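User: Please examine the structure shown below and discuss its pockets and its nonpolar interior.

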Amino acid sequence: MVYEIQKSFLLANDCIVSNLQRDGIQFQSVDISVFYTQISSQKRVKFQSIGEKYFKIILAENEFLEQDKKEISQKVFLKEQKNALTPVLKKKSLEFKFCSLKSYIELYEKPKLCVLKIFFETLKDAENFSIPRDFKVLKEINLDSKILSLYGYNLHTFDIEKCFKIIEKNQNFTLEFPDAIGAFDGFRIFLFYLFRKLKFYWNLCLENKQKDDLYEFYLYTQKIFIILSSFDEVFDKNLSGLLALKFKNLAEKSSLILESKDQEDSLLLALSSKELNDLFNDFDIFIKESSFYQGLQKDVFFKQLVALEFRKKLILFKKFLIKDFKYEEFAFKFMQISVFLEYFKSLFNLKSLNKLSDKYFLNSQKKSFSKIMKKRKKVLKWIDISSKNLRIYKG
């Protein structure tokens, strides 16, 4: 008998296992682990252990998904595991008969999931199948080991309003993005976070009129501009572009005030203007609205978009470092990489990104400029490694 058609269901918990055992259902249990050593739009190389058997699987993604699977030794498997691009995906698979159908309950370690898989002989059987309520099914799903390895799975509905409230109350809130969060929610939270910081220093500037506070205000206007201009298809493109331009102009005005002699008068005039208040009001609505400002890339994984844009910026920065340039040209490009390293390096947990951040982008622009010029070859090396590792999110 050949089982070609399958359905997968996400269960609320693993209580069904003990319930079925109590009813006398027998399980055949096996431990399975999966990792990838190559991921691209054309090809995937996957290694899988099933109990005490080990396999190398090559998937060629063309018009027809071609699979080449061969058994390998444990020694080869463990050796290749050192080159894994993704964390090892581990699960316990429990095979049993359900209504005479070949079925599995799969218990994933991380992300912690309980999945029921049922195989059918015909499409009609699958369409007519109705799962009992006792199984406590959350929804029918289609799990892909590559997607799980790269992005995990968001089991619970993401509460963005709760995140807004946490950030509103705590200026020292640390951003930790879930791997499986979508781009629209992820960037709304991130922009809200930057906006709260911006308004915090705006208030300090008005109260204290200190240069240090104005400099922080200037930095956050730059950060918001960089994010809006880098991810302009997550939101409505025209509005996103218009807001990016306004924050760019605000950053330029702030920079001029920092350099001016009559700083206090210029500061009060600029930060109390109707134009600035209107921008703040518009941006607040732009972030908090959940439907009007969605763009073409709203449903892409947040982590994937960040990875692709991060890689793009690193490649452009590398090209920039190779040629002759002036310090003035360096400043903004340095700022772009700094922002991405500051907020996104923890998303990927890459040694190369940590090296770039800690050794070359942690200090002021002038100190970093001097260090990067002296250690240019090493910087280029870490950029190349980072670019290679981030490339897997393209495939």
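**Pockets and cores**

Analyst: In this predicted model, the lining of the second largest pocket comprises 15 nonpolar, six polar and three charged residues.

User: Which helix gives the most to the lining of the second largest pocket?

Analyst: This pocket has a volume of about 630 Å³. Of its 24 lining residues, Thr86, Pro87, Ser149, Asp179 and Lys303 are the closest to the centre. Helices H4 (145–151), H12 (327–348) and H15 (376–390) each supply at least two residues of the lining. The one that gives the most, with four residues, is H4.

User: How many charged residues are in the lining of the largest pocket?

Analyst: The largest pocket has a volume of about 940 Å³. It is lined by 34 residues, and the closest to its centre are Gln6, Lys46, Gln48, Lys91 and Lys117. By class, the lining has 16 nonpolar and eight polar residues, and the number of charged residues is 10.

User: Which helix gives the most to the largest nonpolar core?

Analyst: The largest nonpolar core has 98 residues, and those touching the most other members are Phe187, Phe217, Ile227, Phe283, Phe344 and Phe348. The helix that gives the most to this core, with 14 residues, is H6 (residues 183–208).

User: Leaving aside neighbours within four places in sequence, with which residues is Phe187 in contact?

Analyst: Phe187 is among the residues that touch the most other members of the largest nonpolar core. Beyond its neighbours within four places in sequence, its contacts are Ile227, Phe231, Val234, Phe235, Phe302, Leu305 and Val306.

Conventions
Residues numbered from 1 in each chain as written. Predicted model: local features only at pLDDT ≥ 70, side-chain atom pairs only at ≥ 80, totals over all residues. Heavy atoms only, no water. 1 Å grid on protein atoms, 1.4 Å probe; cavity = no way out; pocket = protein on both sides within 12 Å on 5 of 7 lines; lining within 4 Å. Points joined across faces, edges and corners; volume = space filled by probe spheres on them. Nonpolar A, V, L, I, M, F, W, Y, C, P; charged D, E, K, R; others polar. Core = buried A, V, L, I, M, F, W, Y, C linked by side-chain atoms within 4.5 Å. Buried < 20%, exposed > 50% of the residue type's maximum accessible area, 1.4 Å probe, protein only. Contact = heavy atoms within 4.5 Å.
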